[in-house]
Amino acid sequence: MRVVICGGGVIGACTAYFLSRRGIEVIVVERTEVAAAASGKAGGFLALDWCAGTPLDALARRSFQLHSALASEVAGDWGHRPMSAYSGFVAPEPHHAPSGLDWLADGVTIAGRIGTPETTAIVHPRKFTSAMMSAAERNGAELRRGRVTGIVRHTHGATARGVELDGGIIEADAVVIAMGPWSLLAAEWMSLPAVFGTRSPSVVYDTGSEVPADALFLEYHDEHGGAVTVEVFPRADGSTHVTAFSGEAPLPLDPAAVTLDKDAIARLGAICERLSPAFRAERIIARQACFRPITEDGLPLIGKVPRSEGVYVATGHNVWGILNAPATGEALAELIADGVARSTDLAPFDPIRLGALDPALLRTS
């Protein structure tokens, strides 16, 4: 059996790994590079039970466990480490009220601990994605550079027999669409619900050992009365990822063409300097933005594509893409190879629950 996976992000890499572990022939087609988009620029925060009470709960719990297991099973170091998480707020004006954490500046108030090392953790997303892809390649998977332009079908019927690329055709028994928000483009080739992109700017600092394993979710009120949540994710490699100001923006056709909102980055940098002496401008090692894939109802699309035999989709994970990638890859590999996903029930994420996007909207936009 041969499976072609369209997309070299964390979902594609994890799916490739779990398929290749079964001895299935896998070809991953990626137009730019592995982890080129959100999979390389996300925070990498993991939580065991933050999806409790939602359809994502079982997927998140299974995936949190897999992250821990993969850290010892798969070669490579992507900085998986347990951590605490705290909520709090930043005073509107600088003042001298001490923070509850000694590495933070005065005026940052910690309201409470919302995650423990047993329930929250972190990985470096680009390193994790690259390690999973490399592990798949060691199992026999192949990574090809190219841009998928369509699905090739058998002469009679809707069954896929491969994908079209700029340079020809790759024959396959099954095709997986895992292109993040760019999965939207596949709606021209099949009956697929809409996938949108939300732009998330971030700044990464080289903080060395000054910042401990404390994830922060802080409410910040500006001088105009506006409120924003600032998320701080210290990583094991000595870098700290800070993000805020997510919002709508036009999705470029090419992932390599994602641009920064310079104003948002400047505002974020100014806020960071209020948070800790560790966040100084000369320590910035990346100013970046990525687009997170989201769906109409906020749940991912994972499963068989309606009216397209042999075609599967896995996208729309929003803020939980890094967390839920392992369980998504595991369950999708089961669905493709065995016809049923046993490790996680994928019924809540069946693409058929949402109406298909009209392809004409893509041609007129």
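Is F245 buried or exposed? In this predicted model, F245 has a relative accessible area of 19% and is therefore classed as buried, given that the term covers values under 20%. The residue is placed in the loop that connects strand 16 (239-243) with strand 17 (247-248). Its backbone carries a positive phi, near 65 degrees, in a residue other than glycine. Most residues other than glycine have a negative phi. The surroundings of this loop are taken up again below, after a description of the chain as a whole.

The fold comprises 7 helices and 20 strands. The radius of gyration of the chain is 21 Å, and a compact globule of 365 residues would have a value near 21 Å, so the two agree. Along the principal axes, the C-alpha trace extends over about 75 × 45 × 35 Å. Of the 365 residues, 58% are buried. Contacts between residues at least 6 apart in sequence are made up, to 73%, of pairs at least 24 apart. The exposed area of the chain amounts to about 15,100 Å², of which carbon and sulfur atoms supply 50%. The chain carries 31 positive and 41 negative charges, and the mean positions of these two sets are 4 Å apart.

Helix 1 (residues 10-20) is largely enclosed by the rest of the structure, because 11 of its 11 residues are buried. The buried residues of this helix include V10, I11, G12, A13 and C14, and also among them are Y17, F18 and L19. An α-helix has 3.6 residues a turn, so residues three or four places apart point the same way. One residue of helix 1, I11, is in contact with H317.

H317 itself is found in the loop between strand 20 (311-315) and helix 6 (321-338). With a relative accessible area of 6%, H317 is buried. Beyond its neighbours up to four places away in sequence, H317 touches P293, P300, I302, N324 and T328 in addition to I11. The contact with T328 includes a polar contact between the two side chains, at 3.0 Å. R199 is separated from H317 by 118 residues in sequence, and the C-alpha atoms of the two are 14 Å apart in space.

A second histidine, H124, occupies the loop between strand 7 (120-122) and helix 4 (125-138). H124 is also buried, its relative accessible area being 13%. Its contacts, not counting residues up to four places away in sequence, are with W78, R235 and D237.

Positive phi also occurs at A35, where the angle is near 60 degrees in a residue other than glycine. A35 belongs to the loop between strand 2 (25-30) and helix 2 (38-41). A relative accessible area of 0% places A35 among the buried residues.

The region of strand 16 and the loop that follows it can be described through T240 and S246. T240 lies in strand 16 and is buried, with a relative accessible area of 0%. Not counting residues up to four places away in sequence, T240 touches V203, V204, Y205, T207 and V211, together with V232, F233, P234 and F279. With T207, the side chain of T240 forms a polar contact to the side chain at 2.8 Å.

S246 is located in the loop between strand 16 and strand 17, where F245 is also placed. Whereas F245 is buried, at 19%, S246 is partly exposed, with a relative accessible area of 40%. Leaving aside neighbours within four places in sequence, S246 contacts T198, R199, S200, P201 and R292. Two of these partners are joined to S246 through side-chain polar contacts: S200 at 2.8 Å and R292 at 3.3 Å. R199, a contact of S246, is the residue whose C-alpha lies 14 Å from that of H317. The C-alpha atoms of S246 and I352 are separated by 28 Å, with their positions 106 residues apart along the chain.

Technical notes. Residues are numbered from 1 along each chain as its sequence is written. This is a predicted model: local features need pLDDT of at least 70, side-chain atom pairs count only at pLDDT 80 or more; totals for chains, interfaces and linings use all residues. Side-chain values use heavy atoms; hydrogens and water are left out. Helices (H or I, at least four residues) and strands (E, at least two) are DSSP runs, numbered from the N terminus. The radius of gyration is taken over C-alpha atoms; the globule rule is 2.2 Å times the number of residues to the power 0.38. Buried means under 20% relative accessible area, exposed over 50%, partly exposed in between (1.4 Å probe, protein chains only). Contact means heavy atoms within 4.5 Å. Accessible areas come from the Shrake-Rupley method with a 1.4 Å probe; for residues, only the protein chains shown count as cover. Lys and Arg count as positive and Asp and Glu as negative; His and the chain ends are not counted. The place of a charge is taken as NZ of Lys, CZ of Arg, CG of Asp or CD of Glu. A polar contact is a pair of N or O atoms within 3.5 Å; within protein, one must be able to donate a hydrogen and the other to accept it, and residues adjacent in sequence count only if both atoms are side-chain atoms.
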